[in-house]
Amino acid sequence: MSPETRRGIAIVALFAIGTVGALAFAGVAGRAGTAIADAFRALFGLGAFLVPVIALVVAAMLLREEGPAFTGANVFGIALLATSVTGLLHLRLGPDAPIALPTIAGGGGYLGLVLAVPMVALFGPIATAILLGCGTIIGIFLGFHLSFNHLRRGIRAIIAWVRSIRLAI
């Protein structure tokens, strides 16, 4: 199979995951959609809504011809982002939270549980939060071809936009 064909299949599959996932969370994808949303919540907890968003963003990245190539480093970065965020979300439940649904879905789901519990045992909650926060940032950088310069420019643009709104009022 040619690389272009694999890329096209990946784009369509990611688009399907993203749109059906979004429809599932909106409650308009039928019984299968309910099952999909429940599975995402069990696995990713409060981060479940990011699954359709990330799938659509990656599909859009793959559609861009002029952008940098989508590589294994991007896949690793997105996986690191997902696991780090779910781990952080699990930390909010605290050490004595029951390890069962629906409680686990109110944190980082089972993925966050599997990551955060051993890390807290090894490093404690504060160091774990720092490590997972750093993992989140590295995941964003790797997954989406970003750097601190991109973030700085983005923050400046947001500040300028907020200032323009304030001046307009």
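Ser 84 is a buried residue here, with a relative accessible area of just 2%. Keep in mind that this is a predicted model. The chain around Ser 84 has seven helices and zero strands, and Ser 84 itself lies in helix H4. Helix H4 comes up again below, for the pocket and for two further residues.

**Ser 84 and its contacts**
- Leaving aside neighbours within four places in sequence, Ser 84 is in contact with Leu 115, Leu 132, Gly 135 and Thr 136.
- Buried means under 20% relative accessible area, so Ser 84, at 2%, falls into that class.

**The chain as a whole**
- Read from the N terminus on, the elements go α-α-α-α-α-α-α.
- The C-alpha trace spans about 50 × 45 × 40 Å along its principal axes.
- There are 169 residues in the chain, and 30% of them count as buried.
- If you look at contacts with a separation of 6 or more, 68% of those in the chain are between residues 24 or more positions apart.
- The accessible surface adds up to about 10,300 Å², and carbon and sulfur atoms own 74% of that surface.
- On the charge side, the chain carries 11 positive and 5 negative charges, and the mean positions of the two sets sit 12 Å apart.

**The largest pocket**
- The largest pocket has a volume of about 290 Å³.
- It is lined by 16 residues, and the closest to its centre are Val 51, Ile 54, Ile 78, Ala 79 and Ala 82.
- Two elements give two or more residues to that lining, namely helix H3 (50-63) and helix H4 (72-91).
- Helix H4 gives the most to the lining, with seven residues.

**His 90 in helix H4**
- His 90 has its place in helix H4.
- Buried or exposed? His 90 counts as buried, at 8% relative accessibility.
- Not counting residues up to four places away in sequence, His 90 touches Ile 104, Gly 107, Gly 108, Gly 112, Leu 113, Ala 116 and Val 117.

**Leu 91 in helix H4**
- Leu 91 also lies in helix H4.
- With a relative accessible area of 22%, Leu 91 is partly exposed.
- Why isn't Leu 91 classed as buried? The buried class means under 20% relative accessible area, and Leu 91 has 22%, so it goes down as partly exposed.
- Once residues up to four places away in sequence are set aside, Leu 91 touches Ala 116, Val 120, Pro 125, Thr 128, Ala 129 and Leu 132.
- Ala 116 turns up among the residues that both His 90 and Leu 91 touch.
- Leu 132 is on the contact lists of both Ser 84 and Leu 91.
- How far apart are Leu 91 and Phe 76 in space, C-alpha to C-alpha? The distance is 22 Å, for two residues that are 15 apart in sequence.

**His 145 in the loop between H6 and H7**
- His 145 lies in the loop between helix H6 (125-144) and helix H7 (148-168).
- His 145 has a positive phi of about 55°, although it is not a glycine.
- At 29% relative accessibility, His 145 counts as partly exposed.

Terms used:
Residues are numbered from 1 along each chain as its sequence is written. This is a predicted model: local features need pLDDT of at least 70, side-chain atom pairs count only at pLDDT 80 or more; totals for chains, interfaces and linings use all residues. Side-chain values use heavy atoms; hydrogens and water are left out. Helices (H or I, at least four residues) and strands (E, at least two) are DSSP runs, numbered from the N terminus. Buried means under 20% relative accessible area, exposed over 50%, partly exposed in between (1.4 Å probe, protein chains only). Contact means heavy atoms within 4.5 Å. Accessible areas come from the Shrake-Rupley method with a 1.4 Å probe; for residues, only the protein chains shown count as cover. Lys and Arg count as positive and Asp and Glu as negative; His and the chain ends are not counted. The place of a charge is taken as NZ of Lys, CZ of Arg, CG of Asp or CD of Glu. On a 1 Å grid over the protein atoms alone, a cavity is a set of points where a 1.4 Å probe fits but cannot get out, and a pocket is an open set with protein on both sides within 12 Å along at least five of seven lines; lining residues have an atom within 4 Å of a point. Grid points are joined across faces, edges and corners, and a volume is the space filled by probe spheres set on the points.
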